[in-house]
Amino acid sequence: MISHHRAFIARRRTERPSEEYRELTATEWDEFLAHFELRKVALGTCGRDYATPCQHENACVRCPLLLVDPAQMPRLQEIHANLVDRLQEAKDQGWLGEVAAIETTMAAARQKLEAMHERAAQPSTVHLGMPDFRRDAGRSSAELED
């Protein structure tokens, strides 16, 4: 399987333009590294692809690409509590657009908190057992001895 994969990669490389396989300039490399530095945000790390803009206008709590750092759970809980207060104020003032935006952000924050709680409740390691190649290959030890 590995040799087939390597052959596939080699075949793909011969089909692609050779200018794609050039050495990077120092400027290009610095830009690439800077992208990953800019992905670090208060709640964790932005998971968007290299050289792609933020589609959510830096509303990270709403973004499905935000990878929340478990150590930042208290911060996210504080943000959620603050949103509850802001929602009440927006309702009192009749700011319907703000109400809708806050409700969307609250739902995203709640979803991220629930996912973090579920992840924390799961065991950190899973025992996979030892594979039995004879059984998986459809052979028994008696067949091998014959």
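In the predicted model, E98 is partly exposed, with a relative accessible area of 32%, and this glutamate takes part in a salt bridge with R86, in which the closest N and O atoms are 2.9 Å apart. Because R86 lies in helix α3 (residues 73-93) and E98 in helix α4, the pair ties together parts that are twelve residues apart in sequence. R86 is likewise assigned to the partly exposed class, since its relative accessible area is 36%, a value that falls between the limits of 20% for buried and 50% for exposed residues.

The count of salt bridges in the model comes to three. One of them joins R22 to E28, with a separation of 2.7 Å between the closest N and O atoms. R22 counts as partly exposed because its relative accessibility is 47%, and E28 is placed in that class because its relative accessibility is 26%. Another salt bridge is formed where the side chains of E37 and K40 meet, at 3.4 Å from N to O, and both of these residues are exposed.

As for the overall arrangement, the protein chain contains six helices and three strands, which follow one another along the sequence in the pattern α-α-β-β-β-α-α-α-α. The chain has 146 residues, of which 18% count as buried.

A nonpolar patch is found on the surface, where L24, W29 and L33 together present about 300 Å² of accessible area. Within this patch, L24 belongs to the loop between α1 (2-15) and α2 (26-38), and this leucine is classed as partly exposed because its relative accessible area is 49%, which is under the limit of 50% that an exposed residue must pass.

The loop between β2 (44-46) and β3 contains D49, and A51 lies in this loop as well. D49 counts as exposed because its relative accessibility is 56%; its C-alpha atom is separated by 9.8 Å from that of R39, a residue ten positions away along the chain. A51 is also exposed, since its relative accessibility is 60%. The backbone of A51 deserves a separate remark, for this residue has a positive phi of about 65° although it is not a glycine. Most residues other than glycine have a negative phi.

Attention then turns to the empty space in the model. Rolling a probe the size of a water molecule over the atoms shows where such space is left. The largest pocket holds about 160 Å³ of space, and its lining is made up of P64, L66, L67, V68, Q111, K112, A115, M116 and R119. Two elements, β3 (66-68) and α4 (96-121), each supply at least two residues of this lining, and the largest share, five residues, comes from α4. By chemical class, the lining residues of the largest pocket divide into six nonpolar, one polar and two charged. Helix α4 therefore appears in two of the features described here, since it carries E98, the partner of R86 in a salt bridge, and also provides five residues to the lining of the largest pocket.

Notes: Residues numbered from 1 in each chain as written. Predicted model: local features only at pLDDT ≥ 70, side-chain atom pairs only at ≥ 80, totals over all residues. Heavy atoms only, no water. 1 Å grid on protein atoms, 1.4 Å probe; cavity = no way out; pocket = protein on both sides within 12 Å on 5 of 7 lines; lining within 4 Å. Points joined across faces, edges and corners; volume = space filled by probe spheres on them. Helix = DSSP H or I, 4+ residues; strand = E, 2+ residues; numbered from the N terminus. Nonpolar A, V, L, I, M, F, W, Y, C, P; charged D, E, K, R; others polar. Patch = residues over 30% accessible without salt bridge, like charges linked within 9 Å, V, L, I, M, F, W, Y side chains within 5 Å. Areas by Shrake-Rupley, 256 points an atom, 1.4 Å probe, with all protein chains shown as cover. Salt bridge = Lys/Arg side-chain N within 4 Å of Asp/Glu carboxyl O. Buried < 20%, exposed > 50% of the residue type's maximum accessible area, 1.4 Å probe, protein only.
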